[in-house]
Every structure is written in structure tokens, then in C-alpha cells.
Amino acid sequence: MPLRPPAPAPQESDRPLPVLSAEVREALAERRPVVALESTIIAHGLPRPRNLQVAGELEDLVREAGAVPATVAVLDGRAHAGLVSGQLERVAGDTALRKLGHRDLAPALALGASGATTVSATAFLAARAGLRVFATGGLGGVHREWVRTQDESADLRLLARTGITVVCAGVKSILDVPATLQRLETLGVGVLGYRTEHFPGFYLSSSGEPVDWTVRTPQEVAAVMRARDALGGPAAALVVANPVPRADQLDPAVHDRVLAGALEVCRERGITGQAVTPFLLEYLTRETGGASLEANLAAVRGNVRLAARIAAADAAVAR
């Protein structure tokens, strides 16, 4: 029986690279700083029409700091890094937009779907496009009662094999923060506290958990990024944990009281799995009169500003 000739190797042009906006493409070609932004906060994390206002504000903050924003999303089966006129409005206004994690990207691209990207999908697509810095609000992590539910965010494993720097306000405080930090250590994901000795608590400036390394300037973060590049080895993300300013954090006593009530409601109603996080976040927003949402936005704004400064410091070394 004649041997079947091997299938030709896929060419780079055949791969579903993110479509880059002209602004992002030019910045990368000129080695200017670029910051990736997720789109889930726009499509699913904020009320309309405020979500579009915030989306534009975050992109403006990146530009004001001297970098180029690259909001990531999937539209009609094409992944995009950098949204042009009309696309950002579509992400903010289309109520049918799906929420896409990393595992959802292949079916979405193959079936022509549209969706907003979570941390895992954004980090993957941004790194695939050659971006080095990504700003978000809070990471996913290990859920409470993990021993019983085995519930862990896909963010963690994806970051363990994606060499990108992620600026965040820690992990969502509804999660098991100590277990998440232990998991990040096990997976080899580096964690830097930015001007803090304690890991941030998303809505709160501090979770009470210590960090092993503290950096004070964007240039120090860029130096760590370059040292990681020089070392080589398995690709893994670098998490820069940037606390929300104390003046903007959610009142800790209110946070603890409302979160305890939310967790009790989850137990009473049997809310489990993927339904837990959106329920808890919505509950906190409602029961704090919107204060948790404002703390979230304050954290995101600070992370975007810092990410742009880190990207600029990194680009300055590259040039």
C-alpha cells in the first residue's frame, strides 16, 4: 500500500492571528509601547451606556501615558487586537455577544461567532500578536470550597504558559486568595507587588497576604521582564499586582459583611460552578449601592495607567 504523503505544514499566513488595527500594527513595527485591554468588562461587566464611555476612557488613559491601546475581541469569527471605529461601539452595544475564554476561541473563529474576551483569551491573543503588556481589573483564581468543588479559573493555567505581563488589582476578593497565590507559585507564574508588600484584594487595597517581591517603578518591572526574557525557559506570565488606592477602595467592613451574605445566599440557592462569580459580583454591586463597581473601575483605571508606563519603559529598552 503506498504511503500517504504527509500533510503540508501549516504556514504562518494560515494561522488565525489577531487582526491588528493600523494604529497597533504601526506601533509594533516601530517598537512603540502597546497595551492590551480585555473586552469582557465592556460587554458584560458594566451597565449600558456607561460601558462605552468607560471603554473610550480606558483607551484614552493608555494614549495619555504615551502608549497605544489594543482592545481585544472576536467579531464575526475574526480575532482583533485594536478595535477601529464602530467595533468598540458594537462590543458595548451588542447584547448577544458571547463571553469567550481561551478554550472558546477555536469554535468562535471556526463558526464565525462574536464575543468579548476574558483574561485568558485576551492574554493568549495579545501574546500571539506580539504584545508584551496587558491591563485588566482582577484575575480569576481558585474558588472558595475548592476541595469540594474543584473549581478553578482557566486564567491560571493559561497564564502559566503565556509569556505576557499582566497588570491587575490581584484576584477577585470573592475567591480563595491564599489558595490562588499558592497555585500561581506552583504553576511558576511570577508575582510582583507594585509599591506594596501585600497582595491586593481587588476591591480592597490589601488582601492581607504577603508578596515575595516588591517593585517601585515601571522601569523595575521592565527590568524584571527583560531578565525573564534573558533566562529563557518555559513561558509564563508576570503578574504585577497594583492595589486600588485606599481612598477608592470599598469599605472593608462593608465588603466583608456583604460578601458573607452573598456566599450564604449561594449556599441556600445551590448556586455553583460558572454561575457563582457573576452572581457574587452582581450581589456586591447591588448590596453596596454601586460602591463595589466604583472601586472596580478605580482599580482598572490605575492598572491601565501603570500598564502604559510599564509598556513605555519596556519599549525604551528595546529601541
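A crossing is called left-handed if the near helix is turned anticlockwise from the far one by less than a right angle, and right-handed if clockwise. The views show a predicted model, in which local features need pLDDT of at least 70 and side-chain atom pairs count only at pLDDT 80 or more, whereas totals for chains, interfaces and linings use all residues. Residues are numbered from 1 along each chain as its sequence is written, and side-chain values use heavy atoms, without hydrogens and water.

**View A. Helix α3 packs against helix α13.**
Helices and strands are DSSP runs numbered from the N terminus (H or I, at least four residues; E, at least two). Helix α3, residues 50-64, packs on α13 at an angle of about 25°, and their axes are 8 Å apart (axes are fitted to C-alpha atoms over the stretch in contact, with angles from 0 to 180 degrees between N-to-C directions). The angle therefore makes α3 roughly parallel to α13 (under 35 degrees; over 145 is roughly antiparallel, 65 to 115 roughly perpendicular, the rest oblique). The crossing of α3 and α13 is right-handed. From α3, the residues R50, V54, E57, L58, L61 and V62 make the contact (heavy atoms within 4.5 Å), and they meet L293, E294, L297, V300, R301, V304, R305 and A308 of α13.

**View B. Helix α10 meets α13 at an oblique angle.**
Helix α10 (residues 218-231) and helix α13 (residues 291-318) pack at about 55°, with 8 Å between their axes. The crossing in which α10 passes α13 is right-handed. On the α10 side, P218, Q219, V221, A222, M225 and R226 are in contact with L306, R309, I310, A313, D314, V317 and A318 of α13.

**View C. Helices α11 and α12 form an oblique pair.**
Helix α11, residues 252-269, packs with helix α12, residues 276-287, at an angle of about 135°, and the two axes lie 10 Å apart. The crossing of α11 and α12 is right-handed. Among the contacting residues of α11 are V258, L259, A262, L263 and V265, while those of α12 include V276, F279, L280, Y283 and L284.

**View D. Two separate nonpolar cores are present.**
The largest nonpolar core (buried Ala, Val, Leu, Ile, Met, Phe, Trp, Tyr and Cys residues joined through side-chain atoms within 4.5 Å) has 65 residues, and L139, V189, F199 and L280 have the most contacts inside it. Helix α11 gives the most to this core, with 6 residues. Leaving aside residues up to four places away in sequence, F199 touches G170, V171, V177, L181, V191, S206, S207, G208, E209, P210, V211 and A241. The second core has 39 residues, including L58, L83, L97 and L238.

**View E. Helix α6 is largely enclosed by the rest of the structure.**
Of the 10 residues of helix α6 (residues 119-128), 7 are buried (under 20% relative accessible area; over 50% is exposed, in between partly exposed, with a 1.4 Å probe and protein chains only). The buried residues of α6 are V119, S120, A121, T122, A123, L125 and A126. Helix α6 is followed by G130, which has a positive phi near 95°.

**View F. T165 is a buried residue of strand β8.**
Strand β8 spans residues 165-168 and contains T165, whose relative accessible area is 0%. Excluding residues up to four places away in sequence, T165 touches R132, V133, F134, V221, M225, R228, L238 and V240.

**View G. A113 sits in the loop between α5 and β6.**
The loop holding A113 joins α5 (105-111) to β6 (115-117). A113 and V74 are 39 residues apart along the chain, and their C-alpha atoms are separated by 7.4 Å. With residues up to four places away in sequence not counted, A113 touches V74, L75, D76, G77 and A108.
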